[in-house]
Amino acid sequence: MNILKITDGVPRKYSEARLKRDNPDTLFPNLLTANVLADFDCYTYTLDPKPSYNATLQNLNPVFEQRADGWVQTWEVVDFSAEAAKSRIQSQITADRWKKEQGGVEWLDSNFDLWRIATDSNSQQKMTSVLTMLIANPTSVGYSNWKMDKKVQITRTGVDENDNEIQFTEEVWQKAFRQNSLNEWNEMVALVSTHIKNCFDAESNALAKVEAGDLTVTFQSEFELL
């Protein structure tokens with residue numbers, strides 16, 4: 001049960017537990033009717049659905065509103081100040097860059113198999129370590145056996161709307177070791193390096209536009225321009 005209480009003419013969120021705690025000498029019935037609640041300036045309310053809004057630039061403030069059919073908690077969309085919005089956009093851009101940078105990059109090999117090369121911080125360090133080893137010893141093959149995500153089709157069993165057993169296929173990423181040639185390794189390293197560079201370039205470009213007063217720019221919009 002959603003309950004509000006009118007205090008000094010202002011409706012505020014309340015609760016059944018709070019009502020009983022604030023009135024320890026009152027014996028309340030098991031069912032709190034509208035009449036019982038009204039004796040304590042309390043009323044039930046319904047909830048309006050949340051409107052669409054830009055969570056980076058705006059905030060939703062709950063507001064109580066009395067209508068013909070009773071009290072309703074509705075929502076007021078409030079814009080952040082220009083400085084606050086600017087700061088929030090900058091933080092969101094940096095967070096989106098980190099997510100994109102760390103999320104991996106897809107690579108289609110010569111056999112038309114699709115692989116996802118990990119680009120998280122740990123994987124970047126491993127690749128750097130292998131590159132250092134190759135510089136020190138060009139005959140090394142430490143790059144050849146590399147664990148990656150491969151896009152594969154699998155068959156699953158399920159049931160249809162009539163509870164009949166059916167089989168269906170779907171594409172998923174599965175861990176697999178790939179035997180790479182040196183040329184393939186260099187191709188993968190170049191792809192990862194370009195991906196990381198693009199992530200930071202997009203972040204830099206987006207932040208520059210925010211500084212110039214553009215509050216509509218996003219990391220993704222700048223990434224797609226590269």
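**Note on two positive-phi residues and the E6-E9 sheet**

1. Asp-41 is partly exposed, its relative accessible area being 39%. In this predicted model, the residue lies in the loop that runs between helix H2 (34-38) and strand E3 (42-47), and there Asp-41 adopts a positive phi of about 55° even though it is not a glycine. The value deserves a remark because most residues other than glycine have a negative phi.

2. A second residue that should be checked in the same way is Phe-112, which is not a glycine either and whose phi is likewise positive, near 65°. Phe-112 belongs to the loop between E6 and E7, a hairpin in which 5 residues separate the strands. How exposed is Phe-112, in terms of relative accessible area? The computed value is 68%, and Phe-112 therefore counts as exposed, given that the cut-off for this class is over 50%.

3. The hairpin strands belong to an open sheet of 4 strands, arranged in the order E6-E7-E8-E9 with antiparallel pairing. Its edges are formed by strand E6 (105-108) and strand E9 (165-179), each of which pairs on one side only. Between neighbouring strands of this sheet the average turn is 35°, with direction ignored.

4. Within the hairpin, E6 pairs with strand E7 (residues 114-117) in the antiparallel sense, and the pairing extends over 4 bridges. Two of the facing positions can be named for anyone who wishes to follow the register in the model: Glu-106 stands opposite Arg-116 in E7, while Trp-107 has Trp-115 of E7 as its bridge partner.

5. Which elements of the sheet does helix H5 touch? Helix H5 (residues 182-211) packs on the sheet and is in contact with E6, E7, strand E8 (145-159) and E9; relative to the direction of E6, the direction of the helix makes an angle of about 145°.

6. The residues of E6 divide between two faces, of which the covered one carries Val-105 and Trp-107, whereas the uncovered one carries Glu-106 and Leu-108. Read together with the pairing described above, this places Trp-107, the bridge partner of Trp-115, on the covered face of E6, and it places Glu-106, which stands opposite Arg-116, on the uncovered face.

Key
Residues numbered from 1 in each chain as written. Predicted model: local features only at pLDDT ≥ 70, side-chain atom pairs only at ≥ 80, totals over all residues. Heavy atoms only, no water. Pairing = 2+ DSSP bridges. Axes fitted to C-alpha atoms, helices over the stretch in contact; angles between N-to-C directions. Contact = heavy atoms within 4.5 Å. Buried < 20%, exposed > 50% of the residue type's maximum accessible area, 1.4 Å probe, protein only.
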